[in-house]
Amino acid sequence: MQLSMWMIANQLMDFDIELNIQKDTPIVLRSARRAYATDCVHVMPDGKDVICTGEGGKILIKDIKIEYAFEIIQSIFDTYDIWDASIQKAAAKNDFQAVIDASWHAFHSPITLLNEDLKVLAMTSSVDMNNDEEWNYLEKHGYSSFQAIESINNDAEWRKHYSKVSAQRFHFPDKRKLSNCISAAVVHDNVRYGRVCVLEKNRPLNEGDMQLLNHLVRAIAPHLCLYYLKSTNSNSYNVFLEMLKGHRAKKQVFENRMTYRHWSQRDTYVIVSVDFQNDPGTMRMCVQRLSQKMPQAELTLIKNQIVLIINKTKDDYEKGLQIIEKMVADCNKYAGISLPFESLTWIQYYYRQATEAIRFGQYFSQRNPDLQKHVFEFYDYAVDCLLEIASGKNCSQLCACNPDAVKLSRECYPNGSDERLNTLYTYLKNDCSPSKTSQEMHLHKNTLLYRLKKITDSLSYPLEDKYSRDYLFLSLRVFGIYQMKYPKLLQRFQKNDLDQD
């Protein structure tokens with residue numbers, strides 16, 4: 001394992017030393033030498049002291065014999081080699097607690113390994129951290145506290161550097177709640193699987209610690225990736241991925257993740273799926289491109305697909321859509337976009353919509369060769385999907401309904417009133433004829449027109465379009481069927497209740 005002068009200096013803190021090391025000294029040193037050699041530490045006497053010189057700096061060890069100093073410097077190389085071998089071996093066995101325990105001897109500072117849902121995978125054991133509230137919370141509960149998440153989200157430095165992959169330094173004003181730290185993401189093939197934080201408790205952390213942390217996360221990243229690809233247990237690195245797969249979500253983990261991202265159940269989202277079939281090379285290239293161009297979107301991989309969760313309320317959706325359209329056209333792939341929806345409770349069904357949009361889009365494109373499209377929206381094929389889906393024992397049909405119908409249903413539900421829904425349904429049933437509608441509903445025409453204007457002004461999709469009218473009418477009929485056959489399931493959907501274990 002190659003070292004830098006900073007990494008060597010960090011193992012000499014028990015000695016009386018003076019440092020003169022450049023901030024960006026490189027990691028190129030291979031061993032210690034008594035005579036000068038390229039990429040080695042030159043150890044030489046200076047009166048009663050010993051000077052160690054290497055690429056980027058110099059260390060003076062006071063009042064020590066040259067033979068003893070040389071053995072110490074060489075032993076530092078051996079110590080790091082042993083540590084590197086031990087973490088590689090432990091990570092290969094998915095024993096990440098052993099990785100963190102072994103890393104104490106490299107950093108001499110407390111360390112945490114968190115997954116992307118801020119759940120503890122491992123943390124330094126047998127260390128006195130009574131004056132750190134967040135550390136004690138992590139030990140007791142196994143995941144980050146809401147207070148810590150809010151403090152981190154409100155920290156401008158954290159927001160500025162969090163998206164970066166390499167180790168970054170963070171300072172927090174209240175040291176009793178959150179210790180200063182250095183932190184680096186665990187990334188493999190441009191997908192994040194977790195984060196390692198080294199806390200600044202026993203000594204100030206320096207460039208050598210940053211370099212060592214970068215080495216640590218690179219070493220464990222491929223093993224953590226394989227661990228999650230093989231595992232679907234509760235330690236999953238991404239609660240959204242588990243929900244996309246249809247697995248149950250732990251409410252606490254889900255809420256932590258939402259708070260961490262500054263997302264709300266009241267925000268509006270869409271799911272975008274990009275299908276790569278058997279083209280992993282292009283898929284990796286596109287993962288990197290999307291990670292750089294759309295860092296605010298939640299990106300994950302399912303089989304041969306890149307899946308993006310985009311928050312339309314917080315992000316520039318139109319700009320993101322342009323990026324996706326250009327990318328899939330450039331590599332001759334296809335993308336599907338779900339209906340817009342509030343909350344992530346039924347996310348698995350909206351993910352299916354994105355994949356169904358690709359299936360229907362490709363089918364109809366084949367029937368019309370003049371239509372050259374690479375991005376398909378589920379809205380254009382939702383009626384076909386509704387007609388195809390026969391079962392009403394889950395929420396797949398409700399999630400596929402017209403977003404205007406979903407919105408109205410949820411707005412009407414709390415008051416127990418379906419006046420607007422019934423008016424709109426009757427109006428559509430009568431081919432949008434005010435006179436026929438007023439007769440059927442026994443309403444004065446002016447009263448009806450006033451009510452219809454308030455309803456239509458709230459709609460996102462135009463009733464002038466025949467497809468939109470048919471889609472909305474059919475969606476309202478589906479809600480009526482659920483009200484009759486599955487009222488409890490409909491209520492859960494209207495309230496956005498999270499199905500949890």
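A nonpolar core is a set of buried Ala, Val, Leu, Ile, Met, Phe, Trp, Tyr and Cys residues joined through side-chain atoms within 4.5 Å. In this predicted model, the largest such core has 84 residues. Another core, of 62 residues, lies apart from it. Two helix pairs are also described here: H2 with H3, and H16 with H17.

**Nonpolar cores**
- In the 84-residue core, the residues that touch the most other members are Ile8, Ile59, Ile73, Leu213, Ile306 and Leu308.
- Leaving aside residues up to four places away in sequence, Ile306 touches Val272, Ser273, Val274, Phe276, Met283, Cys286, Val287, Leu290, Leu299, Thr300 and Leu301.
- The separate core of 62 residues includes Ile271, Phe341, Cys385 and Leu428.

**Helices H2 and H3**
- H2 spans residues 66-92 and H3 spans residues 96-107.
- Their axes come within 8 Å and cross at roughly 170°.
- Angles over 145 degrees count as roughly antiparallel, so H2 and H3 are roughly antiparallel to each other.
- From H2, Tyr80, Trp83, Ser86, Ile87, Ala90 and Ala91 meet Phe96, Ala98, Val99, Ala102, Ser103 and Ala106 of H3.
- This contact has 10 nonpolar residues, 2 polar and no charged.

**Helices H16 and H17**
- H16 covers residues 419-429, and H17 covers residues 434-441.
- The two axes come within 8 Å, crossing at roughly 130°.
- H16 and H17 are therefore oblique to each other.
- The crossing of H16 past H17 is right-handed.
- Asn422, Thr423, Thr426, Tyr427 and Lys429 of H16 meet Pro434, Thr437, Glu440 and Met441 of H17.
- By class, the contact holds 3 nonpolar, 4 polar and 2 charged residues.

How values were computed: Residues are numbered from 1 along each chain as its sequence is written. This is a predicted model: local features need pLDDT of at least 70, side-chain atom pairs count only at pLDDT 80 or more; totals for chains, interfaces and linings use all residues. Side-chain values use heavy atoms; hydrogens and water are left out. Buried means under 20% relative accessible area, exposed over 50%, partly exposed in between (1.4 Å probe, protein chains only). Contact means heavy atoms within 4.5 Å. Axes are lines fitted to C-alpha atoms, for helices over the stretch in contact, and angles run from 0 to 180 degrees between N-to-C directions. Helices (H or I, at least four residues) and strands (E, at least two) are DSSP runs, numbered from the N terminus. Angles under 35 degrees count as roughly parallel, over 145 as roughly antiparallel, 65 to 115 as roughly perpendicular and the rest as oblique. A crossing is left-handed if the near helix is turned anticlockwise from the far one by less than a right angle, and right-handed if clockwise. Ala, Val, Leu, Ile, Met, Phe, Trp, Tyr, Cys and Pro count as nonpolar, Asp, Glu, Lys and Arg as charged, and the others, Gly among them, as polar.
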